[in-house]
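Open the model in a viewer with cartoon and side chains available. The stops below are meant to be selected one after another.

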Amino acid sequence: MIRQPSRHCTVELQAVPARIGHVRRIVSAQLRYWRLDALIDPAALGVTELLANVHRHARPSKQCTVELCVLLDQLTVSVHDEDPRLPRLRAAGTWETCGRGLALIAALSESWGVRPDGSGKVVWFTLPALTTAPGEARAGRADGEPLPLADAAASGPHLRLRGTKVG
């Protein structure tokens with residue numbers, strides 16, 4: 001059986017609140033383009049939580065990279081930052097207003113994890129991606145319409161798209 005080849009998108013940004021909204025829209029547009037509409041809400045929520053953690057905790061820089069990768073029947077969303085400290089899952093008290101991000105990631109994802117990477121770390125999660133056949137995916141773009149990410153590149157000086165490849 002021939003399966004759809006992998007699809008990959010990378011966004012580099014500084015994790016500040018205004019940029020997090022831009023990345024959420026980019027993730028939504030990319031998943032819509034890949035015809036993975038059912039994954040938009042959990043992926044956007046998960047990436048928002050991971051970027052909020054970078055904004056709140058990462059030192060010395062808020063610079064990070066968000067990566068979406070569909071391989072076979074799985075979407076992996078990962079965020080790489082330059083802070084080597086690994087986050088940990090904790091139980092937040094009912095009175096606490098934060099501290100539930102990784103618990104939320106664990107609840108919405110099929111799997112998740114953290115790994116050291118160079119001078120920093122990668123936090124990732126996966127979602128099942130039941131994709132359409134390649135011919136069906138192309139049928140909606142027969143007019144040669146460009147990737148929706150083309151508009152996203154103009155959204156600001158601190159946001160850079162890199163390595164976008166659609167299979």
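Start with helix 1 and colour these residues as buried: Arg 19, Ile 20, Gly 21, Val 23, Ile 26, Val 27, Ser 28, Ala 29, Gln 30, Leu 31 and Tyr 33. The model is predicted. Now select the whole helix, residues 17-33, which makes 17 residues. From its first C-alpha to its last, helix 1 reaches 25 Å, close to the 24 Å expected at 1.5 Å a residue. Then step past the end of helix 1 to Arg 35, which follows the helix and has a positive phi, near 65°.

Next, go back along the chain and select strand 1, residues 7-14. This strand is mostly covered, with 6 of its 8 residues buried. Add strand 2, residues 63-71, to the selection: strands 1 and 2 run antiparallel and are joined by 8 bridges. To see the register, pick Arg 7 and look across to strand 2, where Val 70 stands opposite. In a regular strand, side chains alternate between the two faces of the sheet.

Now turn to charged pairs. How many salt bridges does a search of the whole structure find? The search finds 2.

For one of them, select Asp 81 and Lys 121, whose closest N and O atoms are 2.9 Å apart. Asp 81 belongs to strand 3 (residues 74-81) and Lys 121 to strand 5 (residues 120-128), so this pair ties together parts that are 40 residues apart in sequence. Are Asp 81 and Lys 121 buried or exposed? Both are buried.

Then select Asp 83 and Arg 85, which also form a salt bridge, with the closest N and O atoms 2.6 Å apart. The two partners can be checked separately for exposure. Asp 83 has a relative accessible area of 3% and is buried. Arg 85, at 43% relative accessibility, counts as partly exposed. Side chains of opposite charge can pair when their charged atoms come close.

Finish with the cysteines. How many disulfides does the structure hold? The number is 0. A disulfide would be a covalent bond between the sulfur atoms of two cysteines. Select Cys 9, which is buried at 1% relative accessibility. Then select Cys 69, which at 23% relative accessibility counts as partly exposed.

Technical notes: Residues numbered from 1 in each chain as written. Predicted model: local features only at pLDDT ≥ 70, side-chain atom pairs only at ≥ 80, totals over all residues. Heavy atoms only, no water. Helix = DSSP H or I, 4+ residues; strand = E, 2+ residues; numbered from the N terminus. Expected span 1.5 Å × (residues − 1). Buried < 20%, exposed > 50% of the residue type's maximum accessible area, 1.4 Å probe, protein only. Pairing = 2+ DSSP bridges. Salt bridge = Lys/Arg side-chain N within 4 Å of Asp/Glu carboxyl O. Disulfide = S-S within 2.5 Å.
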